[in-house]
Amino acid sequence: MEITESQFGDAVLLMPVGRVDQSTAPAFQSAMLEVVGKRGAVVVVDFSNIPYISSVGLRALMIAAKQGKVAKVPLAVVGLTSEVNEVFEISRFNFVVDIFDTVEAALTALSSDAASAYAAR
Amino acid sequence: MLVRFWGTRGSLPTPLNAVAVREKIRRALKASVGQDLSTAERIEQFMDEKLEFAVAGAFGGNTSCVEIDGGGKQHILCDMGSGGREFGNAVMAQKYPHKDNVFNIFQSHPHWDHIMGFPFFVPAYIPGNKVIIYGCHDYLEEAYRRQHAEPGFPVPWAALAADIEFVALEPGKEYVVDGVTVRALKQYHSGDSYGYRFEKGGKSVVYSTDCEHKFESINPDYPFVDFLRGADLVIFDAMYSLADSISIKEDWGHSSNIIGVELAQMAGSKHLCMYHHEPNYDDAMISRILAETIRYEELSEEGESLHVSSAYDGREIVL
């Protein structure tokens with residue numbers, strides 16, 4: 001799975017591309033755990049290019065979010081497509097993961113330093 | 001085969017109260033405004049076509065009990081939750097000239113909600129009846145007998161006049177009971193539980209309740225996938241949401257609608273029937289979960305389409 005990574009201030013922005021399912025979830029999880037608590041004070045995962053996520057992908061997200069909680073690193077997701085948003089609601093993941101419409105909205109809520117860096121990109 | 005649901009609620013009986021009934025009536029009356037209800041037929045038609053199930057019906061409040069009717073002379077049941085009382089009453093209320101009043105009960109596990117119907121199962125008190133309780137737990141008989149003792153219940157085991165026998169099953173081994181082939185599979189649940197696959201005449205139904213599926217296990221080689229392979233009907237514990245089942249309710253021994261869809265799709269099953277409903281959910285919430293699960297099946301579908309439904313007390317499914 002292709003996952004690009006960008007740094008804005010103290011935030012790391014991950015942008016995975018493609019379906020998150022049985023075959024791609026391990027890479028998705030590794031990419032998040034690599035940055036949570038290691039290289040970012042805030043982690044934002046941009047779902048704009050994810051057309052579908054299965055249960056195993058959601059579990060990977062929860063593992064990363066839990067690790068972030070322990071490390072006091074907030075993890076947020078942004079840019080859910082309509083179908084992926086439905087999966088979040090059906091699975092009730094909308095209650096356990098912070099969801100924002102855009103990267104700007106997430107960074108504004110979580111880190112003014114990162115929000116400024118993102119605005120100046 | 002015919003499958004009849006006598007009890008579909010998880011954990012403990014969940015009766016409707018007056019407030020819930022009144023709300024159904026209020027919604028039905030509101031929906032009836034402007035409708036032609038001048039005849040009994042039109043009223044039936046209105047209820048069938050204009051009212052959603054959560055208004056016109058109820059998922060029900062009895063705990064686990066499902067009848068597998070293979071057309072034989074004997075009775076086959078899965079679990080003896082509080083739904084077993086109603087099954088027993090139905091047997092007592094009707095004449096079954098073609099039946100020998102042999103009751104074969106396949107026990108998923110002996111947790112209270114799965115055996116609590118037995119003290120109120122009237123046929124067990126009738127001489128001449130035979131009750132055979134099958135299971136894979138070596139303490140199954142002890143669990144059943146313990147219910148019939150003070151201070152919890154005043155009627156002793158000795159008062160049960162039917163011939164009662166316990167039969168230990170070996171998981172994975174095939175047995176034939178009254179013409180129906182059955183095999184058990186061990187499941188992840190506190191104290192273990194066992195699912196059962198019943199087959200007859202080219203039709204198959206899997207009864208799988210009180211089972212949590214760990215993510216580490218879920219792949220095409222997972223034995224449970226083979227257990228569901230091509231099943232015409234999968235009765236599946238979908239008690240929790242996915243988020244709950246892998247966070248605050250992890251290791252509580254139950255599964256979710258999402259995992260049910262994914263496993264049934266992986267196994268090429270035809271019909272997923274959600275079961276063991278969360279007792280904290282009302283009928284509107286169970287209906288909402290059903291609609292969402294049907295949608296998830298559409299979103300995740302890659303091959304053959306899977307029919308998704310919810311069990312309710314009194315439901316019959318013909319295979």
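## Close-up views of a predicted two-chain model

**View 1. Chain A and its distant partners in sequence.** Let us start with contacts in chain A between residues at least 6 apart in sequence: 72% of them join residues at least 24 apart. Keep in mind as you look around that this is a predicted model. Of the 121 residues of chain A, 49% count as buried.

**View 2. The helices and strands of chain A.** Try counting along the chain here: chain A has 5 helices and 5 strands. Following the sequence, you meet them in the pattern β-β-α-β-α-β-α-β-α-α. The radius of gyration of chain A is 13 Å, close to the 14 Å that the globule rule gives for 121 residues, so chain A is as compact as a globular protein of that length. If you would like a sense of scale, picture a box of roughly 35 × 25 × 25 Å along the principal axes, filled by the C-alpha atoms of chain A.

**View 3. Inside the largest nonpolar core.** This core has 114 residues. Which residues have the most contacts inside it? They are A:V43, A:V44, B:V205 and B:I235, so look for them in chain A and in chain B. Among the elements, α2(A) gives the most to this core, with 7 residues.

**View 4. The surroundings of A:V43.** Now zoom in on A:V43, one of the residues with the most contacts inside the largest nonpolar core. Leave aside its neighbours within four places in sequence, and A:V43 is in contact with A:V12, A:L14, A:M32, A:V35, A:V36, A:G68, A:V73 and A:L75.

**View 5. Where chain A meets chain B.** How many residues does each chain bring to the contact? Chain A supplies 17 residues and chain B supplies 16 residues. On the side of chain A that touches chain B, the elements giving two or more residues are α2 (55-70) and α3 (82-91) of chain A. Sorted by class, that side of chain A has 9 nonpolar, 4 polar and 4 charged residues.

**View 6. The two domains of chain B.** Chain B is divided into domain 1, made of 2-14 + 58-318, and domain 2, made of 18-56. Between the C-alpha centres of domain 1 of chain B and domain 2 of chain B there are 31 Å. Where these domains touch, 4 residues of domain 1 of chain B are in contact with 4 residues of domain 2 of chain B. The residues on the domain 1 side of this contact in chain B divide into 1 nonpolar, 1 polar and 2 charged.

Methods: Residues are numbered from 1 along each chain as its sequence is written. Chains are lettered from A and ligands numbered from 1 in the order in which they are written. This is a predicted model: local features need pLDDT of at least 70, side-chain atom pairs count only at pLDDT 80 or more; totals for chains, interfaces and linings use all residues. Two residues are in contact if their C-beta atoms, placed from the backbone, lie within 7 Å. Helices (H or I, at least four residues) and strands (E, at least two) are DSSP runs, numbered from the N terminus. Ala, Val, Leu, Ile, Met, Phe, Trp, Tyr, Cys and Pro count as nonpolar, Asp, Glu, Lys and Arg as charged, and the others, Gly among them, as polar. A nonpolar core is a set of buried Ala, Val, Leu, Ile, Met, Phe, Trp, Tyr and Cys residues joined through C-beta atoms within 7 Å. A residue is buried if 20 or more other C-beta atoms lie within 10 Å of its own, exposed if 12 or fewer, and partly exposed in between; C-beta atoms are placed from the backbone. The radius of gyration is taken over C-alpha atoms; the globule rule is 2.2 Å times the number of residues to the power 0.38. Domain bounds come from an automatic or database domain assignment.
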